[in-house]
Amino acid sequence: MTGQETGKQRASRIPLDYFKKPDAIQRWKLRLTVLALVVAVGWWLSGLVRSDRGNLMYSRGQVATVHAAWNAECNACHEPFRPIGGNAGVSKLFGHASDQKCETCHAGPPHSSRQIASEVQGCASCHRDHRGLDASLVRLRDSDCTGCHANIAAHVQAPFKPRYANVSRFDEKSHPEFKVLREKAKDPGHLKFNHKLHMSAGMAPADQPANPNPRVQIPYTLAQIPIGDRERYRAAGQEGAKDATNKVQLDCASCHVSDVGDFPKTLQQFGDTPRGTGAHMQPIVYENQCKACHPLTLENGKDAQPLSVPHRLQPDQVNEFLTNTYTAYYLDGNPKLLDAPFVMPLVKPGQMPKPRPELEKVRTVIAEKVLASEKMLYLGKQTCGECHTYSGPGAVTPDSLSAGKAPDFQIMVPRVPDVWYTSARFNHTSHRALNCKDCHARAYPDSPDASTVGTDVMLPGIANCVQCHAPESHWGGKRLGGPRFDCTECHSYHHGDEPLQGIGAAARGAKRKMTVQQFLSGGTK
């Protein structure tokens, strides 16, 4: 064919001994191979003189900030030729020797004894490092949790049965309602309290019946609060000259103060050092939250002055305090009793001496004063019985109290839980931009089901939380969701209630605070 190269033409163009001599491509291949070998050997040799012994040369990347001190110390976490993570099959075959190194600093408990043993993975299977300084080792993917919790029955070994409901994500359909609300638990404390009454202006709700307490003026005004406490309860726009008509208007912050906050110095009873991070509220304490409106004072004090009874005393201790106090008052007014010599009259063997008439009269007068004060304390309004409940052989009535005898009942310690969601995390400081009413509507008097008893649990449920903690969406012109809603946003694991691990962790674990469940089961603190 015309234009086609012939054999003679090709032979003249291509030398017959071309295969005996390397061409340019082959020469460059050889040069690059030698260069790569030299670079590799040089790179390896350079690690011998580095301060990190070349460890960082083989690293997948920087470790998290909390482990940055060991960034160049691979053997701090790794065992030679042993996997630090991997699936259950690899774990069973090789084991996780590195787990022991993790536990030298992090005293986490073992996995659940109900879990199928062959499925237990190593620490690094969930806590993945070498993802950069800013990576979190505890912000896990939801799949690390839902891999088992989406179908717990399939991961529980016989003969055990699942103790928890399946969870695949955080929403009303895929996550169970919080246990306290799901089981309709009552407040395990023994404190009488009416949120509707206290949150109403002047302590006078619209449906309030006639005032049962003649000692208290209704509506309750600032003039009835001690001068030193008035500024704390003064609302905006209330002038001091009008305290006789200024109604006391409490809000949530009047009693509930963040554990990072502080009460005024005049109210500090237990020190003024910082308490926490603001996640929780300080416990309710009589001296800080109650005393201004509920003073334990009696009218029959000395020189027409009220007598203040110490708080946190049981009835037998109150009886002793009152007896000693009124005895001192009586002797101050009758000093001649102390001048009379005390001589034990002579009696026949086996007989008791007759009491001195004047001393018997003193005992009777003092006993009657003590009895009157005890009735006011235990049965009156605004004192012990207004907030506390009693336990004893029978009901506490005027007839059950007698002169000259200490009461035989006990005042129940309130024991209101400081933290309700003990298996989850919630931070009030993070939610400070919200109105308290958004989550605790029943505490307000204008709520249709405003709380009037202390056993009410006014905690929000999932329906309230998912308004924010859900994927961002727009519905009906309103923006919903946006904040994080992954498992680790609220849940902790591995001694989450005892975050400071290591030396002493076991001792702290043995002294854990009482949980709501222990309260409900009748445990004692």
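The exercises below work through a predicted model of one protein chain, each with a stepwise solution.

**Exercise 1. Overall make-up**

Task: State how many helices and strands the protein chain has, and what share of its residues count as buried.

Solution: Begin with the secondary structure, which comes to 17 helices and six strands. Turn next to burial, where 26% of the 525 residues count as buried. The surface can then be added to the picture, since the protein chain exposes about 34900 Å², with carbon and sulfur atoms supplying 59% of that area. Finally, consider the contacts between residues with a separation of 6 or more, of which 55% are accounted for by residues 24 or more positions apart.

**Exercise 2. Cysteine pairs**

Task: Determine how many disulfides the model contains, and explain why C252 and C293 are not part of one.

Solution: The rule requires two cysteine sulfur atoms within 2.5 Å, and by this rule the count comes to zero disulfides. For C252, the closest cysteine sulfur belongs to C436 and lies 4.0 Å away, which is too far for a bond. For C293, the closest cysteine sulfur is in C255 at 8.4 Å, again too far for a bond. As a last step, check the surroundings of the two residues: C252 is buried with a relative accessible area of 15%, and C293 is buried with a relative accessible area of 12%.

**Exercise 3. Backbone geometry in the loops**

Task: Locate the cis peptide bonds that precede P159 and P219, and describe the phi values of M203 and R415.

Solution: As background, most residues other than glycine have a negative phi, and most peptide bonds are trans. Against that background, the peptide bond from A158 to P159 is cis, with omega near 5°, and P159 lies in the loop between α5 (142-149) and α6 (179-182). A cis peptide bond also joins I218 and P219, with omega about 5°, and P219 is found in the loop between α7 (195-198) and α8 (227-233).

The loop between α7 and α8 also holds M203, whose phi is positive, near 55°. R415, in the loop between β4 (410-411) and α14 (462-465), has a positive phi near 50°. Their accessibilities complete the step: M203 counts as buried at 11%, while R415 is partly exposed at 30%.

**Exercise 4. The surroundings of H155**

Task: Decide whether H155 is buried or exposed, and find which backbone oxygen its side chain reaches.

Solution: First place H155 in the loop between α5 and α6. Its relative accessible area is 18%, and because buried means under 20%, H155 counts as buried. The side chain of H155 reaches the backbone oxygen of G147 at 3.2 Å. Leaving aside neighbours within four places in sequence, the contacts of H155 include R114, Q115, I116 and E119, as well as G147 and C148.

**Exercise 5. The nonpolar cores**

Task: Identify which residues of the largest nonpolar core touch the most other members, and which helix gives the most to this core.

Solution: The largest nonpolar core has 20 residues, and those touching the most other members are L298, V309, L322, Y326, L377 and Y378. The elements that give two or more residues to this core are α10 (315-333) and α12 (357-379), and α12 gives the most, with six residues. To follow one member outward, take L377, which, leaving aside neighbours within four places in sequence, is in contact with residues including L298, V309, V318 and L322. Apart from this core lies another, of ten residues, among them I225, V248, A292 and C293.

Note on methods: Residues numbered from 1 in each chain as written. Predicted model: local features only at pLDDT ≥ 70, side-chain atom pairs only at ≥ 80, totals over all residues. Heavy atoms only, no water. Helix = DSSP H or I, 4+ residues; strand = E, 2+ residues; numbered from the N terminus. Buried < 20%, exposed > 50% of the residue type's maximum accessible area, 1.4 Å probe, protein only. Contact = heavy atoms within 4.5 Å. Areas by Shrake-Rupley, 256 points an atom, 1.4 Å probe, with all protein chains shown as cover. Polar contact = N/O pair within 3.5 Å; in protein donor to acceptor, adjacent residues only side chain to side chain. Core = buried A, V, L, I, M, F, W, Y, C linked by side-chain atoms within 4.5 Å.
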